[in-house]
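Please open the structure in your viewer and keep the selection tool at hand. The tour below proceeds stop by stop, stating what to select and what is found there.

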Amino acid sequence: MKRSILIVAALAATFGATAHAQDKPTVAVVAKVGGIPWFNAMEQGIKDEGEALGIDAYMIGPTSADPALQVRAIEDLIARGVDVIGVVPNDRQVLEPVLKKARDQGIIVLTHESPESENVDYDFEMISAQQLGEEHAKLLADTTGCEGSYAVYVGGLSVPAHNAWADAAVNWLSEHCPEMRQAADRFGVAESVDDSRNTTLDLIRAHSDLAGIMSFGSQGTIGAARAVKERGMAGEIKVMGLFSPGQGRRLVHEGVITGGFQWNPLEAGKAFVALGNRLYEGGEIADGDDLPVLGTIELDGHTIFASKPLALNEETIDELADLGL
Amino acid sequence: MRRLHLGTEGVLALIILGLGVVLSLTTENFLTVQNLFDLLNNQSVNMIFAAGLVVVLIAGGIDISFAVAASVVQYVVMTLLISIGGGNWLFGIALSMAIGTLLGLFNALLIYRFRIVSIIVTIATFNLYFGLLMVFTGGVSIYDVPDWLYYAVPLIDLPATRGSATLYLPVAVMAVISLATGFILTRTGFGRAIYGFGSSPEAARRSGVRVGLIHAFAYGWLGMCAGVAGLMQAHIVQEVVPNALIGQELPILAAVVLGGATLGGGRGSVTGALLGVLLLAVVQNGLNLLGVTPYAFRMIVGFIILAAITCSNLDKLLPQRAMAREARS
């Protein structure tokens, strides 16, 4: 008896929901690959925002980071007749035709981390390369008081993204902290804990005024922190940069890693849904708008630049590490 | 004329000494206990690899799978130890040696039993080992290593101007492995058989050397060294990252060849291999201390390798003198 009442209630709820969904969009987001912490967090954000807005929002995670799988997933979504398709492209070029097809059918198309994509309504970035570099530079300036010298690590001397961040940071420092000196040209060691650790040990010895290390490459931050800790100079030499929260958690709590910035996949997931919903409702987007989730944005062509750096520090690290990031 | 009798090791030692003198004069920090200890600490893993690799090169083979094998050992050992609740140093080292040896023996089996050229076999196992590692780990790192592995084990601790000068456990492990390898190669009949087999496999076979055993020992020993090196690397960086060691094989191979081993087999020594690693390390260390721009690092390292190998081959470039010397002796 009780069970049948439950079933009736469940059915009513389901039908009720579909009836409501007539004027609400369905938002589907295709991730680069499913099942990894970064996109698990993004999926969480998509679901949370979907619930908050009362719309049907979900993520599809291909089994491998293969653009062909993304193409198939998007084709399925077109056939299913969703209203908004979001995608974090594995390969922009491969996706262009299918995204064009989606837009031709009146589906709103959003991308993330792909400013070059053409067949989209909008692409959104949580933070610009410029800002990511400058946030690190500001952290360095604040924690060292603009005194001493600093070193910059990148994943490779020819990795475009890393060097764009590093350029922005160095430019900001030479403008705002003219008395601060870069100890040497940037080092391409940030993809290896061993190399960055060895380099840091050498730099500590060679430059008695070394005050900080910025690493735009996730292993470099860890390696530099290990070296600084080994020398018993935790807190004296500020180590900052990108790193994976789970990996750096212990070092942040020990005060060896001062902090760092990245962007939050959970927020990016929310932004997909909020942005899709706004566009579906006929909202326009202009430079300087204050959007839900993304806040005040800059519009460059069809790329939306939000200003949402995610600070990694003593307070935020545990929560982020628990998300598995 | 006497200078020509120095051999590759002597020439290398002289070059390193020369570099050392230059660096002591041009930088304030090269000739400090702290820097020398750091050099040893940082290079102990590479030196353990080199001590193992030189055996394979002397036996006339080549192996490029050892660095990846070390990563596999790190993963298997850490996963096993964590699953049984942590383990300890003794157990960790024994397990690393055992698994490393097995991976090496697999190479030896393919090379000896199926008569495949060693470079092909190890290119295959290089891919196989790394592929398996990626499939089974999904590229996920292990950050929570057991406590015994996490905390550095200091052997000698001296005060220094900035921080302290400390010599750590991996250096002692490196010394033990190098001495053991050197002892087997130079003080035992089996060691002579390895040299003999490397110089002329056919002659060695006809004079009753057990070829299978030589292969098994050479690759098994390198595998064991790789296992230990992997454990030491995980100890130093306090985590296990699947791609931390891949790519290390070529610099180490270059260092060992620099130290007098040849790809043809029959030549080489542990001392030479260690000096080869040390030379490359001193160059890198010097570049950092001098504040040379990192954009020029590779260029200078390449130049030093060429210069060193030319110096140590000088006697062979002067055929008449060398012949005269041999005639005299």
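What percentage of the 325 residues of chain A count as buried? The figure is 50%. Please bear in mind throughout that this is a predicted model.

**Chain A as a whole**

Display chain A alone. Its secondary structure comes to 11 helices and 15 strands. Taken along the principal axes, the C-alpha atoms of chain A fill a box of roughly 75 × 50 × 35 Å. Among contacts between residues of chain A at least 6 apart in sequence, 70% join residues at least 24 apart.

Next, colour chain A by domain. The domain assignment gives domain 1 as 2-126 + 264-308 and domain 2 as 129-262. The C-alpha centres of these two domains of chain A lie 35 Å apart.

**The six-stranded sheet**

Select strands 7, 6, 8, 9, 10 and 15 of chain A, in that order: these 6 strands form an open sheet with mixed pairing. Strand 7 (181-182) and strand 15 (310-312) of chain A each have a single partner strand and stand at the edges, so one side of each is left without a neighbour in the sheet.

Now select strand 6 (residues 149-154) of chain A together with strand 8 (residues 210-216) of chain A. The two pair in the parallel sense over 6 bridges. Label S149(A) to find its bridge partner in strand 8 of chain A, L210(A). Further along, Y153(A) stands opposite S215(A) in strand 8 of chain A.

Add helix 6 (residues 160-176) and helix 8 (residues 218-230) of chain A to the view. Helix 6 of chain A packs on the sheet and touches strand 6, strand 7 and strand 8 of chain A; the direction of this helix makes about 165° with that of strand 6 of chain A. Helix 8 of chain A also packs on the sheet, where it touches strand 6, strand 8, strand 9 (238-241) and strand 10 (257-262) of chain A. The direction of helix 8 of chain A makes about 170° with that of strand 9 of chain A.

How many of the 6 residues of strand 6 of chain A are buried? The number is 5, and the strand is thus described as mostly covered.

Turn to the pairing of strand 6 of chain A with strand 7 of chain A, which is in the parallel sense over 2 bridges. Here Y150(A) stands opposite Q182(A) in strand 7 of chain A. With helix 6 of chain A between them in the selection, strand 6 and strand 7 of chain A make a right-handed β-α-β unit.

**The contact between the chains**

Restore chain B to the display. The contact takes 25 residues from chain A and 23 residues from chain B. On the side of chain A that touches chain B, helix 7 (193-206) and helix 9 (245-253) of chain A each supply at least two residues. The largest share of that side, 11 residues, comes from helix 7 of chain A. By class, the side of chain A that touches chain B has 9 nonpolar, 8 polar and 8 charged residues.

**A residue in chain B**

Finally, select T181(B), which is placed in helix 7 (residues 169-187) of chain B. Why does T181(B) count as buried? T181(B) counts as buried because it has 24 C-beta neighbours inside 10 Å, where 20 or more are required. Leaving aside neighbours within four places in sequence, T181(B) is in contact with A51(B), V55(B) and V270(B). As a last step, draw the C-alpha to C-alpha distance from T181(B) to C225(B): the two are 9.8 Å apart in space and 44 residues apart in sequence.

Terms used. Residues numbered from 1 in each chain as written. Chains lettered and ligands numbered in written order. Predicted model: local features only at pLDDT ≥ 70, side-chain atom pairs only at ≥ 80, totals over all residues. Pairing = 2+ DSSP bridges. Helix = DSSP H or I, 4+ residues; strand = E, 2+ residues; numbered from the N terminus. Contact = placed C-beta atoms within 7 Å. Axes fitted to C-alpha atoms, helices over the stretch in contact; angles between N-to-C directions. Buried ≥ 20, exposed ≤ 12 C-beta atoms within 10 Å, placed from the backbone. Right-handed = clockwise from strand over helix to strand, strands pointing away. Nonpolar A, V, L, I, M, F, W, Y, C, P; charged D, E, K, R; others polar. Domains from an automatic or database assignment.
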